[in-house]
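Here are some notes for a colleague reading this structure at the bench. They go through the pairing of the chains, the core and a few selected elements in turn.

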Number of protein chains: 2
Amino acid sequence: MKILVSNDDGIDSAGIYSLVEALKEIAEVTVVAPHKEQSAVGHAITMQTPLRVFEYQKDGKFFGYAIDGTPADCVKIGIRNLMPKTPDLVVSGINHGSNTAINIIYSGTVSAAREAAIMDVPSIAISVTSHAVMDFSFSAKIAKQLALEIFEKGLPKGTLLNVNVPNVSQDKIAGIRLTKQGKSKWDDIYEKRVDPYGRNYYWLTGNLFELDYDLEYDQAAVKNNYVSVSPIHFDLTDYKTYLEMKDWKIENLLNGK
Amino acid sequence: MKILVSNDDGIDSAGIYSLVEALKEIAEVTVVAPHKEQSAVGHAITMQTPLRVFEYQKDGKFFGYAIDGTPADCVKIGIRNLMPKTPDLVVSGINHGSNTAINIIYSGTVSAAREAAIMDVPSIAISVTSHAVMDFSFSAKIAKQLALEIFEKGLPKGTLLNVNVPNVSQDKIAGIRLTKQGKSKWDDIYEKRVDPYGRNYYWLTGNLFELDYDLEYDQAAVKNNYVSVSPIHFDLTDYKTYLEMKDWKIENLLNGK
């Protein structure tokens, strides 16, 4: 089996290295990752400028391809140009910081996996809930076992698994749960500051509004020390509202106007 | 009523100007838009660097706030810091180029409207299907009429309307349709080129795989000269796969491993 590995923390991050080590036990791994950190880039792609591809060395050996682009760029160019054959799986991570609830929308880690799903390649995004985490080995094991599950059972076209791992030692893990995207979201605050030249600038901070208490939701699951696994897709149609809006009769919107 | 207007083509684009002119007829309009073009940035937000806010003049008068960030940044800082009160509606556009089917995922125009929906503010993203379009007045009228509909009927929290207008004269418009996100997607091609220093670079191009023929889908509707209106949201959970995956029994993933 062939796996493409990417991330958004950059090709020199500790998380991608642990992930690659674990996945090498079960597959041939090709790394295509951003040259520099690309957190919170969402599903950005590079069209106005070209991409560069660098062969990145680690410990004196070729480790993978570093791209001066976004996570989604890495997956596109990796599958289209850098791998001789379409991979069987794409795994993105291991990300520093959770990608639960609304963070799924902003996440570069998830966008790499989503791009794979768009290209009909099954994929996993995997994140650990702390920016200070040092040991990725448990998360890497989870990624490896889920990869084996996907090799065995497959995933529907267009679906990816978004995995979040609590940052606790393995003996404190409460279990593994199938979850849905939570409703928790950020209460944004822009700190207004003054630069050395007397001009204002604004820096985004904020607090997470915790709106998920049921363990069926990713945010509640990881908060209660469960590994959270959510199947997500990229059909954004709001079917409920679609049906309700039939009553709007928008076909008449411009009548008489 | 108060409306925040943003876009991804930048505050100096013709599309945002036509939109503002039309919406001023029905509401007090505040413009908060990217200083420079931000196409295909997806739902990127700026966290690692601060934002700057510039007061942008047009025809010798204050036109709006220009932000050195993404469309989602503009909506966040506009609602949190620049408007005295949360607006009743956010409208993003009018975009050059359609945002149907898979383009919804990459679009900066849609991400501005989606950010509003995340903040519980109803919103509209509006695009015209051509990059060469010169006259935005019909699209601006559609935006105005839909804004009035939303003022009257409301939208569920978390839902936005993604609107695409064919680039034909008004007499050729076949009608207005309620639609779903289509399945059409890009067949990506990276053109490999050589720079003046002998190094390779890759430029993204591609062709759209047309996979939508039913007028229920946005891409088919605009292709057949209908104005397309799709309700979309940001719950990415794949509920069908969620139910199917109960059989995976992932709670046992690490048993004996």
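Two residues are taken to be in contact if their C-beta atoms, placed from the backbone, lie within 7 Å. The model discussed here is a predicted one.

1. On that contact rule, Ile124(A) touches Val91(A), Ala113(A), Ala143(A), Leu146(A), Ala147(A), Leu160(A), Leu161(A) and Val163(A), with residues up to four places away in sequence left out of the count. Ile124(A) is also among the residues with the most contacts inside the largest nonpolar core, which has 155 residues; the others named there are Val91(A), Ala143(A), Val91(B), Ile124(B) and Ala143(B). In soluble globular proteins, nonpolar side chains tend to be buried together.

2. How are the two chains related? Chain B is superposed on chain A by a rotation of 180 degrees with 0.0 Å of shift along the axis, at an RMSD of 0.0 Å, and that is the relation of a two-fold axis. The same surface serves both copies, since 100% of the contact residues of chain B recur in chain A.

3. The contact between the chains takes 61 residues from chain B and 61 residues from chain A. On the side of chain B that touches chain A, strand S10 (residues 200-209) of chain B gives the most, with five residues, and by class that side has 33 nonpolar, 14 polar and 14 charged residues.

4. Helix H5 (residues 137-153) of chain A has 17 residues, which at 1.5 Å a residue should span 24 Å, and its end C-alpha atoms are indeed 24 Å apart. The buried residues of H5(A) include Phe138(A), Ile142(A), Ala143(A), Lys144(A) and Leu146(A), and among the elements that cover the buried residues of H5(A) are helix H1 (14-23), strand S5 (89-96) and strand S6 (123-128) of chain A. H5(A) is followed by Gly154(A), whose phi is positive, near 75 degrees.

5. Strand S1 (residues 2-6) of chain B is mostly covered, with four of its five residues buried. Four bridges join S1(B) to strand S2 (residues 28-34) of chain B, and the two run parallel; Val5(B) stands opposite Val31(B) in S2(B).

6. Is Lys185(B), which lies in strand S9 (residues 185-194) of chain B, buried or exposed? Lys185(B) counts as buried because it has 21 C-beta neighbours inside 10 Å, where the cut-off is 20 or more. Lys185(B) touches Ile118(A) as well as Ala101(B), Ile102(B) and Phe209(B), again not counting residues up to four places away in sequence. Phe209(B) is 24 residues from Lys185(B) along the chain, yet their C-alpha atoms are separated by 5.3 Å.

Notes: Residues numbered from 1 in each chain as written. Chains lettered and ligands numbered in written order. Predicted model: local features only at pLDDT ≥ 70, side-chain atom pairs only at ≥ 80, totals over all residues. Least-squares fit on C-alpha atoms with pLDDT ≥ 70 in both. Core = buried A, V, L, I, M, F, W, Y, C linked by C-beta atoms within 7 Å. Buried ≥ 20, exposed ≤ 12 C-beta atoms within 10 Å, placed from the backbone. Nonpolar A, V, L, I, M, F, W, Y, C, P; charged D, E, K, R; others polar. Expected span 1.5 Å × (residues − 1). Pairing = 2+ DSSP bridges.
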